[in-house]
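This note is addressed to a colleague who will examine the coordinates in detail. Please read the points below alongside the sequence and the structure.

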Amino acid sequence: MAGLKIGIIGAGSAVFSMKIISDLCKFPNLSDSHVVLMDIDRVRVENVLILAKELASYFNSKLTFSIVDTIKEVVDGADFVINTAMAGGHGYLDLVRSIGEKHGYYRGIDAQNYNFVSDYLNLTNWNQFTLFLKIARTIEKYSPNAWYLQAANPVFEGTTLVSTQTGIKMVGFCHGHYAVEILANYLGVKEYEWQVGGVNHGIWLTKFSTKDGKDLYGKLNELSEKINFDEFKPTNPFDDQLSPVAWDMYKMYGLFPIGDTVRNSTWKYHRNLQTKIKWYGSPWGGADSELGWKWYVEQLTQVVNVMDMFAKMVKNGTKIDKLRTGTPVDDYLKEILSDKLSGEQHIPFINSIVSKTPARFVVNVLNNGKITNIDNDVAVEICATVCGEEFKFEETLIPKRVVNWYLKPRILLAKQALDAFLNKDVKLISDILERDPRTQSSEQVEKLITELYPIVIKNMKQIEEQV
Ligand code: NAD
């Protein structure tokens, strides 16, 4: 097989790079690929390069790596471009959130009904949208046959934006659907059939049965009667698939919400820390409370710091399998050194495309009729079998109640956010805020906009200037 060029933009990402490279090492038929790493943070990307080379040698893989400085250099001649970059980083998210909070918007203005995930901003992420479009247009110009794989958030708005504004081949990926396994374990079922569908971070369990076709929803219903919600004790802020919120959303909408969907509920569960604790459990109140998010960012910081330490140790001759910290990062290390795949879909997807090996994925692609009752011009998250460049999408039936009461309002918010961004129209943001339950007066909206949007625009301009 001809050697591939696979580019990773935002290659210093704490969450993704090492998992992606570890996965790549486990596909022998992709081992003659060249991986091009690009990041604006030189230290982080150089650390990834050192560790990537070491990881490849650990797995006896022939993969080669290089660092480049520009988006054009990543894209030129690439077969696949994976975007894991977060423009502005966690610092920018914190800044816009804190300005929102100063003006009375708990957890920032991007926190809206059905969109509470704290690194999934859509009203203030004009820098991130600009970066998505810049990468896509560079692909369109220099490598029109390349695939753009979107890992960076917001995947829903990002996939919709790029797929409606450019003609490139694009798929967005998220790992949220694996939470189905939590439900199966809860029921004590080992082998089962499942299907999810909806929009990213708004997916619903549309099929759930035993291998011989017995519906497992019945079993869920039986158990739901017996649950004592006061006993729910999450092991970490993200442990919410069996939280009172998930069951309450199930009762409300009639299908089980899966993965990050449980975080994307309504204000009923998010009004303040107390409310969040009641629904998502003590002590954090879920991943998106001030406590839960602090926990997460501390974990990420630890991964970045430890990667820095590991890179130095490897440079000084320590072998990657001898690195130990005695901290939770050891688990992360174990994961990338294990023979198992990470669960991220990017590399298995690339394998299915290039080696024509059929495999099932959960993909984000423009709807265009794939799920009825959902607008054609937005990205849906849907199960598909991919083989070569052919996608066989599964028929996905989502009840009207979920469509009308959850998906349609979420889709409207995404469309409005993208409209405001594309037209750079801050007035449209004010209009959204006038309908926000936290707004007490138009003066509050105006003051917020006056302080926040010059910062949003300044950050966007920085990305516009990036090459
Ligand atoms: P991070 O800040 O640790 O990493 C992002 C990297 O992007 C950093 O190394 C940063 O230097 C780089 N970067 C920032 N601006 C850049 C630019 N203009 N050009 C090139 N590189 C740039 O963030 P993270 O926590 O690893 O998250 C990365 C992204 O992945 C976020 O958008 C996050 O929301 C998303 N995410 C997605 C999923 C999923 O399943 N799809 C899961 C978790 C996180």
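The numbered points below concern the salt bridges, the ligand site, and the helices H9, H10 and H14.

1. Nature of the model. The structure is a predicted model, and local features are reported where pLDDT is at least 70. Side-chain atom pairs count only at pLDDT 80 or more.

2. The Arg410–Glu157 pair. Across the whole structure, a search finds 21 salt bridges. One of them joins Arg410 to Glu157, with 2.9 Å between the closest N and O atoms. Because Arg410 belongs to helix H14 (residues 400–422) and Glu157 to helix H6 (residues 155–165), this pair ties together parts that are 253 residues apart in sequence. Both partners should be inspected for their surroundings: Arg410 has a relative accessibility of 1% and counts as buried. Glu157, at 0% relative accessibility, is likewise classed as buried.

3. The Lys268–Asp248 pair. A salt bridge also links the side chains of Lys268 and Asp248, at 2.6 Å from N to O. Lys268 sits in the loop between strand S9 (257–258) and helix H10 (273–280), and Asp248 sits in helix H9 (residues 244–253), so the bridge ties together parts that are 20 residues apart in sequence. The partners fall in separate accessibility classes: Lys268 is partly exposed at 38% relative accessibility, whereas Asp248 is buried, with a relative accessible area of 15%. The cut-off matters here, because buried means under 20% relative accessible area.

4. The Lys415–Asp375 pair. Lys415 and Asp375 form a further salt bridge, in which the closest N and O atoms are 2.8 Å apart. Since Lys415 is part of helix H14 and Asp375 is part of the loop between strand S10 (359–366) and strand S11 (379–387), the pair ties together parts that are 40 residues apart in sequence. Lys415 is partly exposed, with a relative accessible area of 28%, and Asp375 is partly exposed at 33% relative accessibility. Elsewhere, Lys19, Glu335 and Glu344 are joined into one network by salt bridges that share partners.

5. The ligand shell. Which residues are closest to the ligand? The ligand is surrounded by 29 residues, the closest being Ser13, Asp39, Arg44, Asn153 and Gln466. By class, this shell contains 16 nonpolar, nine polar and four charged residues.

6. Polar contacts and cover of the ligand. A side-chain N or O atom of Asp119 lies 2.9 Å from an oxygen atom of the ligand. Two backbone contacts may be examined with it. In Phe173, a backbone N or O atom is 2.9 Å from a nitrogen atom of the ligand. In His175, a backbone N or O atom is 3.3 Å from an oxygen atom of the ligand. Of the 860 Å² of accessible area that the ligand has on its own, the protein covers 95%.

7. Helix H9. How many of the ten residues of H9 are buried? Eight of the ten are, so H9 is largely enclosed by the rest of the structure. The buried residues are Pro244, Val245, Ala246, Trp247, Asp248, Met249, Tyr250 and Tyr253; Asp248 is also the salt-bridge partner of Lys268. The buried residues of H9 pack against helix H7 (180–187), strand S8 (202–210), helix H8 (217–226), S9, H10 and H14. Gly254 follows H9 and has a positive phi, near 95 degrees.

8. Arg401 beside the end of H9. Arg401 is placed in helix H14. Its relative accessible area of 45% makes Arg401 partly exposed. Although Arg401 and Gly254 are 147 residues apart along the chain, their C-alpha atoms are separated by 7.5 Å. With neighbours within four places in sequence left aside, Arg401 is in contact with Met252, Tyr253 and Tyr406. A polar atom of the Arg401 side chain lies 2.6 Å from the backbone oxygen of Met252.

9. Thr275 in H10. Thr275 lies in helix H10 and counts as buried at 15% relative accessibility. Setting aside neighbours within four places in sequence, Thr275 is in contact with Lys268, Tyr269 and His270. Lys268, one of these contacts, is the residue that meets Asp248 in a salt bridge.

Technical notes. Residues are numbered from 1 along each chain as its sequence is written. Side-chain values use heavy atoms; hydrogens and water are left out. A salt bridge is a side-chain nitrogen of Lys or Arg within 4 Å of a carboxyl oxygen of Asp or Glu. Helices (H or I, at least four residues) and strands (E, at least two) are DSSP runs, numbered from the N terminus. Buried means under 20% relative accessible area, exposed over 50%, partly exposed in between (1.4 Å probe, protein chains only). A residue is near a molecule or strand if one of its heavy atoms lies within 4 Å of it. A polar contact is a pair of N or O atoms within 3.5 Å; within protein, one must be able to donate a hydrogen and the other to accept it, and residues adjacent in sequence count only if both atoms are side-chain atoms. Accessible areas come from the Shrake-Rupley method with a 1.4 Å probe; for residues, only the protein chains shown count as cover. Ala, Val, Leu, Ile, Met, Phe, Trp, Tyr, Cys and Pro count as nonpolar, Asp, Glu, Lys and Arg as charged, and the others, Gly among them, as polar. Contact means heavy atoms within 4.5 Å.
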